[in-house]
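Me: Please take a close look at one sheet of this model, starting from a single residue beside it. Then say how that part sits in the rest of the chain, and how far the prediction can be read.

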Amino acid sequence: MSFIRAATLARSVATNSCRRYSTEAAAAKKSSNLGFYLGGAGLVGLGTYVYMGLGKEQAKTAKKDLKSPLDPSKYIDLKLKRVEHYNHNTAKFVLELGKGEAALLPVASCVYIETPDFKDDKGEPMHRPYTPISASDLEGELIFIIKKYETGNVSKHIHSLKTGDTLKIKGPLPKWPWKMNELDEVALIGGGSGIAPLYQVLQHALADKTNKTKFKLMYANVTEQDILLREEFDAMKKKYPDTFDVVYVLDKADANWKGSTGYISADLIKQHVAPASLGEKVKVFICGPPGQVASIAGKKAGMKQGELKGILKELGYTEDQVYKF
């Protein structure tokens with residue numbers, strides 16, 4: 001597949017398939033988008049590692065013969081290699097890739113997972129967007145952390161799978177085109193299972209030795225047991241003390257909890273997030289339950305970001321400074 005054809009395909013997918021469940025970046029710079037789209041789908045089927053979505057340091061160390069089996073235009077079957085129990089309603093699902101294969105997803109992006117056994121109101125197989133937690137250049141595996149919702153047919157289907165079963169995957173589906181050191185300060189506000197896209201950004205950016213951006217993660221959950229990827233975030237804080245910090249917020253904390261409680265409020269944001277006065281050098285990313293997103297940044301409007309409302313608008317942030325996954 002040529003780069004021209006790949007770029008064209010990526011743009012087509014980004015402006016059609018992706019729009020049903022994820023929103024595209026508003027007013028992104030053209031230079032960033034070009035690398036993003038070429039990196040997102042231009043390498044499907046290519047044998048050389050020229051992936052533009054990864055940081056310079058990662059590109060230097062990545063194997064040059066890695067290729068991605070993923071296709072943004074159609075679903076492929078990937079075998080479930082193993083399931084790792086995480087907590088009472090969440091597990092890690094490890095899908096098997098071939099030798100010399102990696103997801104090579106651009107940051108930030110997701111994939112669709114389709115469930116043929118469940119149909120929508122039009123009789124079509126249901127599908128939902130999920131963001132992997134494995135590194136984009138991880139060879140041989142594609143890993144998701146997925147919470148089971150009793151009202152969610154797709155998540156219930158995934159949790160019913162056994163080792164050796166297959167899962168239908170399509171992607172990548174571009175979201176925000178991350179560019180190293182474009183921002184001085186980044187706040188990531190997450191809730192529950194909405195943590196995966198934020199983790200993808202952090203994992204990618206912090207591992208790049210050229211990174212100078214300072215990240216602050218504010219992660220809200222019901223109980224301490226509901227905190228996902230806590231060991232990973234705590235390890236990041238220890239390894240990158242000058243560029244990363246995390247604040248856990250619990251709705252229902254026990255007597256031993258010493259962190260923040262309640263909800264992510266205006267006062268908490270003012271305490272931990274860089275001010276809107278930094279202009280184009282500050283960005284707030286948010287991903288979580290619809291109620292949380294609406295309260296903090298306003299509801300999304302289908303494929304569009306939707307009007308900025310809520311706490312962030314009250315604190316003076318503009319639509320250019322906020323992105324809702």
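Reply: A polar contact is a pair of N or O atoms within 3.5 Å; within protein, one must be able to donate a hydrogen and the other to accept it, and residues adjacent in sequence count only if both atoms are side-chain atoms. This is a predicted model, in which local features need pLDDT of at least 70 and side-chain atom pairs count only at pLDDT 80 or more, while totals for chains, interfaces and linings use all residues. Numbering starts from 1 along each chain as its sequence is written, and side-chain values use heavy atoms, without hydrogens or water.

The starting residue is T213, in the loop between α5 and β8; helices (H or I, at least four residues) and strands (E, at least two) are DSSP runs numbered from the N terminus. A polar atom of the T213 side chain lies 2.6 Å from the backbone oxygen of L183. The relative accessible area of T213 is 0%, so this loop residue is buried (under 20%; exposed is over 50%, partly exposed in between, with a 1.4 Å probe and protein chains only). Beyond four places in sequence, T213 has contacts (heavy atoms within 4.5 Å) with N181, L183, D184, E185, V186 and T243. Of these contacts, E185 and V186 belong to β7, which spans 185-191.

From there the sheet itself can be laid out. It is an open sheet of 6 strands in the order β10-β9-β8-β7-β11-β12, with parallel pairing; two strands pair if DSSP finds at least two bridges between them. β10 (260-261) and β12 (322-324) are its edge strands, each paired on one side only. β7 and β8 run parallel and are joined by 7 bridges. Within that pairing, I189 has M218 in β8 as its bridge partner. On the other side of β8, β9 also pairs in the parallel sense, over 7 bridges, and A220 stands opposite V249 of β9. Most of β9 is covered, with 6 of its 7 residues buried. In a regular strand the side chains alternate between the two faces of the sheet.

Two helices pack on this sheet. α5 touches β7, β8, β9 and β11, and its direction makes about 155° with that of β8. α6 touches β8 and β9, at about 145° to the direction of β9. For these angles, axes are lines fitted to C-alpha atoms, for helices over the stretch in contact, and the values run from 0 to 180 degrees between N-to-C directions.

What lies among these elements is the largest nonpolar core, of 37 residues, in which W178, F215, L217 and F233 touch the most other members. Such a core is a set of buried Ala, Val, Leu, Ile, Met, Phe, Trp, Tyr and Cys residues joined through side-chain atoms within 4.5 Å. β5 (141-147), β7, α5 (195-206), β8 (214-221), α6 (230-239), β9 (244-250) and β11 (282-287) each supply at least two of its residues. α5 gives the most, with 8. One of the central members, F233, touches I195, Y199, L202, L217, Y219, L228, F244 and Y248, residues up to four places away not being counted. A separate second core has 22 residues, including I76, A103, L105 and V154.

The chain has another open sheet, with 6 strands in the order β4-β3-β6-β1-β2-β5 and antiparallel pairing. Its edge strands, β4 (125-130) and β5, each pair on one side only. Neighbouring strands there are turned by 40° against each other on average, direction ignored. β3 (residues 109-119) runs antiparallel to β4, with 6 bridges between them, and K119 stands opposite P125. In β1 (residues 76-87) of this sheet lies D77, partly exposed at 46% relative accessibility. The D77 side chain makes a polar contact of 3.1 Å with the side chain of K168.

Over the chain as a whole there are 9 helices and 12 strands, and 52% of the 325 residues are buried. Mean pLDDT, the predictor's confidence in each residue from 0 to 100, is 85, with 80% of residues at 70 or more. Residues 1-53 stay under 50, although the model gives them 126 contacts beyond four places in sequence. Residues 55-61 also stay under 50, with 8 such contacts. Where pLDDT is low, the predicted coordinates should not be read in detail.
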